[in-house]
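Visitor: Please pick one part of this model and take me through it closely. Short sentences suit me best.

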2 protein chains.
Amino acid sequence: MKKLAMLIMAALTVFAAYAQGYKVNPDATVTFSIKAPKADNVSVAGSISAKPLNLTKDSEGVWSVTTPQLAPDFYYYWFVVDGVKTLDPKNHYAIRDTATLFNVFIVPGEQSAWYAVSDVPHGDVEQVWYPSPGLGCDRRMTVYTPAEYRKNPNKRYPVLYILHGTGGDEGAWEGLGRTSIIMDNMIAAGKAVPMIVVMPNCNVNDPAAPGYTHEGMYITTDGRSYGECNKFEMAFPDIVNYIDKNYRTIADKQHRALAGLSMGGGQTWRISLNYPDLFDYLGLYSAAIGWGEKNVQLEKYEEALLRQFKNAPALYWIAIGEKDFLLKRNNDLRAQLDRLGLPYSYYESTGGHSWSNWRLYLTMFVPQLFKK
Amino acid sequence: MKKLAMLIMAALTVFAAYAQGYKVNPDATVTFSIKAPKADNVSVAGSISAKPLNLTKDSEGVWSVTTPQLAPDFYYYWFVVDGVKTLDPKNHYAIRDTATLFNVFIVPGEQSAWYAVSDVPHGDVEQVWYPSPGLGCDRRMTVYTPAEYRKNPNKRYPVLYILHGTGGDEGAWEGLGRTSIIMDNMIAAGKAVPMIVVMPNCNVNDPAAPGYTHEGMYITTDGRSYGECNKFEMAFPDIVNYIDKNYRTIADKQHRALAGLSMGGGQTWRISLNYPDLFDYLGLYSAAIGWGEKNVQLEKYEEALLRQFKNAPALYWIAIGEKDFLLKRNNDLRAQLDRLGLPYSYYESTGGHSWSNWRLYLTMFVPQLFKK
């Protein structure tokens, strides 16, 4: 018995020595650990906490900290060791968003179950180059086709177009947004009808994500996505035309949805003003209404808005967090819609301008689509 | 003038303070820098050097080191700061290979120009789930279609199937292998005919890359890719059938190639023995001949080899580095082929078992395909 106890002790010691990285505890707190015997200060930052958390060192030189209970969600984080940003050497899952690379993990639970890969049929995800006559270049987008798409070679599908925010790119909704995983899960659960999802690059001056253009491995952080106002939005039918030509879509307004977050929410607002007959379902997530203009004057858009709502969309869904810095602008839009007597739906979540909310909004938006 | 000089000085100081990350110098040496004022030891490791290089600290706390001249190639690296593995906080390009995450960059030059995104038409890259009756599960693969594929809706294309090594997955040839970029460049330069390239997951017990299965964000490092010998290889027609059904292929031996690196080279050897009528072009890159067997006895395969070469492949190309630990096994295979009088081509490169060689072999192999 003594021998067995010693073996177990030895095994536990080994375990303790290697128990680094992140660990989701049964009470939904999360323990972060990193071995750095020579460091004086270690912290962990990211969506796990409003402020960085300080770790404390044990006798083996392993630093650790346990968070308060975290909501079921998909989180990102990184360590700072004596002032040096350090990805978790024990977590090999990392996502680049704009010019930041961070580790990711899931705290399991009801909402985050939509974000976890499940044992359900999986759709395909394609990086597609399409010609944009309107913008004068070939551009890149991500296209999700549902698991059943290739099994039903004669069936046609509705399409959701979904747009990223400032500094994001055609990989954002699939990376931090977990779009294909959410769609697989919601379609398998019968919460969403099988649909194609298109995630374009919405930075008017960038044809593709950093590293996928001939500029090489170069990150855009100089705000050059801020192009000529309404240029990307006017050229949007280039994308719709390419999708309708190359995928088995139902090519009418009733079977097209458009949504976007932040800048992409502003683009959604403007594209639907430009082209009132293209999309029947609109989702404005934390939308930067008036995106691209210095002084947003909503009254300028009143005529276009009335024209758009003559044949009112089946759904005009505005969602934003109670702490979002764009709340006022969304309130202004709602006041305008109210004043003109135009129908829309509104959802105000907790929190602010975050992926946590945008993933939530996607899971709330998608079940409302194409069910008429 | 003094003012201007001071301004320039100030600008240079700012530049120096922020000149961290990696910098490819005009003489093809590379300078690595990282700000870590409190650290005692900083090194940089990866494919840039056989042994880690030590950095030295300046008065601002910025550590740096300059490599000897590096050959034009696609490199990976990471820092170690006081014993802690640290990705470069100033380089946002990172690739996961098995359980390692590292930064990447290119040293420009003639060979590495194939690895850099150029201003040429780009093909599409898709993550595809296919059913494998032979392995009893849905599995994931990466499929490249050439830029012209959607522009020629009636044209059919030859297919190259290319297999990763131990611990790699369906993302390996596209990540460290730079396959779609190489193909775009070689097709645009007229060095390769337009073709579809299929990169399956070749780990018999894993349907998909880590993070894309319902096991969640879990990394396989326990060698479970070592499944029952010849099981993956016997099921390989599942992949070919799915591709022939879902893509516009020319579905005959003359328009199919199969290649693989290390484990994937061994699988290429074995698949072509199993199915002599499927592939006309075979590429064994640093091949683990006899993969999956404890004691490889090539004489056991003599009959199958003779059967395979009755209708000899148009190309049986063996490539390996002079320092590769699998050199003897490849020499044994060549001795067998020589003894039996079976035709093959051989290329012996410098170096060993490395992505540097496997990318090189791909750029040498592809121009030999489908030109009869």
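**From the axis to a helix and its rings**

Guide: Start at E126(A): of the residues of chain A, its C-alpha comes closest to the rotation axis, at 2.0 Å. Keep in mind that this is a predicted model. Now turn chain A by 180°, with 0.0 Å of shift along the axis. Chain A then superposes on chain B, with an RMSD of 0.0 Å. The two copies are therefore related as by a two-fold rotation axis. Both copies use the same surface: 98% of the contact residues of chain A recur in chain B.

Next, move to helix α3 of chain A, residues 179-188. Is this helix enclosed or open? Nine of its 10 residues are buried, so the rest of the structure largely encloses it. Buried here means under 20% relative accessible area. Read along the helix and you meet the buried residues T179(A), S180(A), I181(A), I182(A) and M183(A). Then come D184(A), N185(A), M186(A) and I187(A), also buried.

What surrounds them? The buried residues of α3(A) pack against three strands, β11 (124-132), β12 (137-145) and β14 (196-200) of chain A. They also pack against two helices of chain A, α2 (172-175) and α9 (355-365). Just past the end of α3(A), look at G190(A), which takes a positive phi of about 75°.

Look for aromatic rings now. Ring pairs join eight residues of chain A into a cluster. Its members are W173(A), Y285(A), W317(A), Y347(A), W355(A), W358(A), Y361(A) and F365(A).

Over all chains, the count of aromatic pairs comes to 60. One of them is Y149(A) with Y157(A), a tilted pair with 5.5 Å from centre to centre and 45° between the planes. Why tilted? An angle under 30 degrees would count as stacked and one over 60 as edge-to-face, so the rest are tilted. Y149(A) is buried, at 11% relative accessible area. Y157(A) is buried too, at 0%.

Compare a pair in chain B. Y76(B) and F102(B) have ring centres 4.4 Å apart and planes at 25°, so this pair is stacked. The pair links distant parts of the chain, with the two positions 26 residues apart. Y76(B) lies in strand β7 (residues 73-81), F102(B) in strand β10 (residues 100-107). Y76(B) counts as partly exposed, at 25% relative accessibility. F102(B) counts as buried, at 4%.

Rings can also sit under a charge. R248(B) holds its charged end over the ring of Y149(B), 4.0 Å from the centre. R334(B) does likewise over Y346(B), at 3.5 Å.

Go back to chain A for two more helices. Helix α7 (residues 302-310) packs with helix α8 (residues 327-340) at an angle of about 60°. Their axes lie 11 Å apart. The crossing of α7(A) and α8(A) is right-handed. Which residues meet there? From α7(A) come E302(A), L305(A), L306(A) and F309(A). They meet Q336(A), L337(A), R339(A) and L340(A) in α8(A).

Finish at S132(B), in strand β11 (residues 124-132) of chain B. S132(B) is buried, at 3% relative accessible area. Leaving out residues up to four places away in sequence, S132(B) touches C137(B), R139(B), A235(B) and D238(B). T66(B) is 66 residues from S132(B) along the chain, and their C-alpha atoms are separated by 49 Å.

Conventions. Residues numbered from 1 in each chain as written. Chains lettered and ligands numbered in written order. Predicted model: local features only at pLDDT ≥ 70, side-chain atom pairs only at ≥ 80, totals over all residues. Heavy atoms only, no water. Phe/Tyr/Trp six-rings, centres within 6.5 Å; stacked < 30°, edge-to-face > 60°. Buried < 20%, exposed > 50% of the residue type's maximum accessible area, 1.4 Å probe, protein only. Helix = DSSP H or I, 4+ residues; strand = E, 2+ residues; numbered from the N terminus. Lys NZ or Arg CZ within 6 Å of the ring centre and 35° of its normal. Least-squares fit on C-alpha atoms with pLDDT ≥ 70 in both. Contact = heavy atoms within 4.5 Å. Axes fitted to C-alpha atoms, helices over the stretch in contact; angles between N-to-C directions. Left-handed = near helix turned anticlockwise from the far one by under 90°.
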